[in-house]
Amino acid sequence: TKKPKAKTTDRTPTFKFKASVSGSTFKCKLDSAAFAACTSPLTTKKLKFGKHTLSVRATNSAGGAGRAAKASFKVIKKRPHHH
């Protein structure tokens with residue numbers, strides 16, 4: 001429900017997600033890491049500049065996993081403001 005813009009200067013972006021089935025648990029994976037349990041809202045650790053992809057998968061109480069939702073974004077350096 002919330003994710004950074006395609007290009008962001010935020011090196012610790014926050015993601016919010018919800019499942020269509022209540023009582024679901026989530027697993028998240030950033031880039032090539034393994035899926036690990038996570039909760040919403042999720043704020044990442046400090047990211048390197050460049051492209052990243054966060055995948056979130058919901059598992060319902062019966063253990064059925066939904067399709068992973070993916071958010072791809074690029075962390076860019078803040079440009080100095082010129083007056």
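This text walks through the structure from its overall build to its disulfide, its pockets and two individual residues.

The model is a predicted one. Start with the secondary structure. The protein has seven strands and zero helices. Read from the N terminus, the order of elements is β-β-β-β-β-β-β. Along the principal axes, the C-alpha atoms fill a box of roughly 55 × 25 × 15 Å. The chain has 83 residues, and 27% of them count as buried. The accessible surface is about 6200 Å². Carbon and sulfur atoms hold 53% of that surface.

Contacts come next. Take those with a sequence separation of 6 or more. Of these, 53% join residues 24 or more positions apart.

Now look for covalent cross-links. A disulfide is a covalent bond between the sulfur atoms of two cysteines. The whole structure contains one disulfide. Its partners are Cys28 and Cys38, with sulfur atoms 1.9 Å apart. Which parts of the chain does this pair tie together? Cys28 sits in strand β3, residues 25–30. Cys38 sits in strand β4, residues 36–38. The disulfide therefore links parts that are 10 residues apart in sequence. The torsion about the S-S bond is about 70°, so the disulfide is right-handed. Both Cys28 and Cys38 are buried.

Turn to the empty space. Rolling a probe the size of a water molecule over the atoms shows where such space is left. The largest pocket holds about 420 Å³. Its lining comprises 25 residues. Nearest the centre of this pocket lie Lys18, Phe26, Val56, Ala58 and Ala69. Which strand gives the most to the lining of the largest pocket? It is β6, with five residues. β6 and β7, the latter spanning 69–75, each supply at least two lining residues. By class, the lining of the largest pocket has 11 nonpolar, seven polar and seven charged residues.

The second largest pocket holds about 290 Å³. It is lined by 18 residues. Lys29, Leu30, Ala33, Thr44 and Lys45 lie nearest its centre. Four strands each supply at least two residues of this lining: β3, β4, β5 (42–43) and β6. β3 and β4 are also the strands that carry the disulfide cysteines. The lining of the second largest pocket divides into 10 nonpolar, three polar and five charged residues. Strand β6 thus appears in the lining of the largest pocket and in that of the second largest pocket.

Follow β6 to its end. This strand covers residues 50–59, and Thr59 lies in it. Is Thr59 buried or exposed? Its relative accessibility is 18%, so Thr59 counts as buried. The cut-off for buried is under 20%. Which residues does Thr59 touch, leaving aside those up to four places away in sequence? They are Ser24, Thr25, Gly64 and Ala65. Thr25 belongs to the residue range of β3, 25–30.

Move on to Ala62, in the loop between β6 and β7. At 73% relative accessibility, Ala62 counts as exposed. The cut-off for exposed is over 50%. So Thr59 is buried, whereas Ala62 is exposed. How far is Ala62 from Ser24? The two are 38 residues apart in sequence. In space, their C-alpha atoms are 9.0 Å apart. Ser24 is also one of the residues that Thr59 touches.

Notes:
Residues numbered from 1 in each chain as written. Predicted model: local features only at pLDDT ≥ 70, side-chain atom pairs only at ≥ 80, totals over all residues. Heavy atoms only, no water. Buried < 20%, exposed > 50% of the residue type's maximum accessible area, 1.4 Å probe, protein only. Contact = heavy atoms within 4.5 Å. Disulfide = S-S within 2.5 Å. 1 Å grid on protein atoms, 1.4 Å probe; cavity = no way out; pocket = protein on both sides within 12 Å on 5 of 7 lines; lining within 4 Å. Points joined across faces, edges and corners; volume = space filled by probe spheres on them. Nonpolar A, V, L, I, M, F, W, Y, C, P; charged D, E, K, R; others polar. Areas by Shrake-Rupley, 256 points an atom, 1.4 Å probe, with all protein chains shown as cover.
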